[in-house]
Amino acid sequence: MLQQTTVAAVVPYFERFVARFPSVADLAAADEHDVLQLWEGLGYYSRARNLRRAAQSIVEHHAGVFPNDVARLQELPGIGRYTAGAILSFAFDKPAPIVEANTLRLYCRLLGYGADPRSAEGQRVLWRFAEELVPSDQPGEINQALMELGATVCTPVNPACDDCPLATFCAAKEQGTVAEIPLPAKRPEITELAEVAVVLARGDQYLLMRRNPGERWAGLWDFLRFGEHDAVGGLERHLRDRFGLNSKLGMEFHEMKHSVTRYRITLRCVRATWIAGEPVEKDRAFRWANLNELAEMPLPVTGRKIARLLETAGLKSQG
DNA sequence: AAGACGGGGAA
DNA sequence: TTCCCAGTCTT
């Protein structure tokens, strides 16, 4: 859960997750749908699927016992070099190195490494340094202390060098390059997208479509959604041509902006009323759901916002 | 080596 | 707005 996600955001998810799936066996036996449901809003949903698959792999290939060597850990889906090192050192107290956001920044500054730490060379340098750093005695404590130092003292902006116990060993401080290190990551170009969400109502039910592999939010459910560009001939026509649905367009009831990875999406939410036809598209799952059922389906945050609007704004009673 | 993948919080 | 977060997997 903590991969690329702040501790504050994770805590409530973690509490609910371990309460619902207290053991590896519980998680391995769970439906993917239920795991995604608990993950809703946390983002990077492949982590949830990988975590479940990892649990299944542990049950099936490791007799239900968590592996305790780096090679077997990294064979598990979703566990890379950092997570393997974290598990080994934190949980098993084995001397394994770690490099993540906090220690990356700390190590770069200690070394005075001004080149790109994300390049292949930078990674070699940092992991080598991390190996030299990790002691055989209490490696878990030391690793967590290094991360904590990075998170609380060696911060991205205005680091508290005066309070840093390692200041005398810090090359960046010596060089006066603390503010320039680490080199910031290249920022991807943002693509503006205009999309439409169609809330198609049939009685008290709404039509959901499942996001397919390869699409954003793969595996999650969403209202009918497509690029505005895809519906140039009109929304009613698009629904008929693409899904075989006969419908009557209603009001646009909301507009929201949302950023996801390298996209900034302006989403127009339009209401429509079902007239005839069952939705059909190759390799696409659909489901009619009322508000109660909607609450138990994993949706992207924009979808969840729409669902809440339906509950609160009284839209469900309009035509 | 570069891109894809989410969403929230802080400055 | 912009930056960043206990990274990993796929092109």
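## Protein contacts with DNA strands B and C

Visitor: In this predicted model, which of the 19 residues around DNA strand C come nearest?

Guide: The model is a predicted one, and 19 residues stand around DNA strand C. Those that come nearest are Leu2, Gly78, Thr83, Arg105 and Met147.

Visitor: What distance separates the side chain of Thr83 from a phosphate oxygen of DNA strand C?

Guide: Polar contacts to DNA strand C involve both backbone and side-chain atoms, for a backbone N or O atom of Ala101 lies 2.8 Å from a phosphate oxygen, while a polar side-chain atom of Asn102 lies 3.0 Å from a sugar or linking oxygen. For Thr83, the partner of the phosphate oxygen is an N or O atom in the side chain, and the distance is 2.6 Å.

Visitor: Which element gives the most residues to the surface near DNA strand C?

Guide: The elements that contribute two or more residues to this surface are α6 (81–92) and α7 (101–111). By class, the residues of the surface divide into eight nonpolar, seven polar and four charged. The element that gives the most, with four residues, is α6.

Visitor: What share of the atoms of DNA strand B within 4 Å of the protein belongs to sugar or phosphate?

Guide: Around DNA strand B there are 16 residues, of which Thr5, Tyr44, Tyr45, His258 and Arg262 come nearest. For DNA strand C, the sugar or phosphate share of the atoms within 4 Å of the protein is 64%. For DNA strand B, the bases account for the rest, and the sugar or phosphate share is 60%.

Visitor: Which residue has a polar side-chain atom 2.8 Å from a phosphate oxygen of DNA strand B?

Guide: Backbone atoms take part here, since a polar backbone atom of Tyr45 is 2.7 Å from a phosphate oxygen of DNA strand B, and a backbone N or O atom of Val301 lies 3.2 Å from a phosphate oxygen of that strand. The residue whose polar side-chain atom lies at 2.8 Å is His258.

Visitor: How are helix α1 and helix α3 oriented, roughly parallel or roughly antiparallel?

Guide: The axes of α1 (residues 7–20) and α3 (residues 32–39) come within 9 Å and cross at roughly 155°. Angles over 145 degrees count as roughly antiparallel, so the orientation of α1 to α3 is roughly antiparallel.

Visitor: Which residues of α1 and α3 make the contact between these helices?

Guide: By class, the contact has five nonpolar, no polar and three charged residues. On the α1 side they are Tyr13, Arg16, Phe17 and Arg20, and on the α3 side Asp34, Val35, Leu38 and Trp39.

Methods
Residues numbered from 1 in each chain as written. Chains lettered and ligands numbered in written order. Predicted model: local features only at pLDDT ≥ 70, side-chain atom pairs only at ≥ 80, totals over all residues. Heavy atoms only, no water. Axes fitted to C-alpha atoms, helices over the stretch in contact; angles between N-to-C directions. Parallel < 35°, antiparallel > 145°, perpendicular 65-115°, else oblique. Contact = heavy atoms within 4.5 Å. Nonpolar A, V, L, I, M, F, W, Y, C, P; charged D, E, K, R; others polar. Near = heavy atom within 4 Å. Polar contact = N/O pair within 3.5 Å; in protein donor to acceptor, adjacent residues only side chain to side chain.
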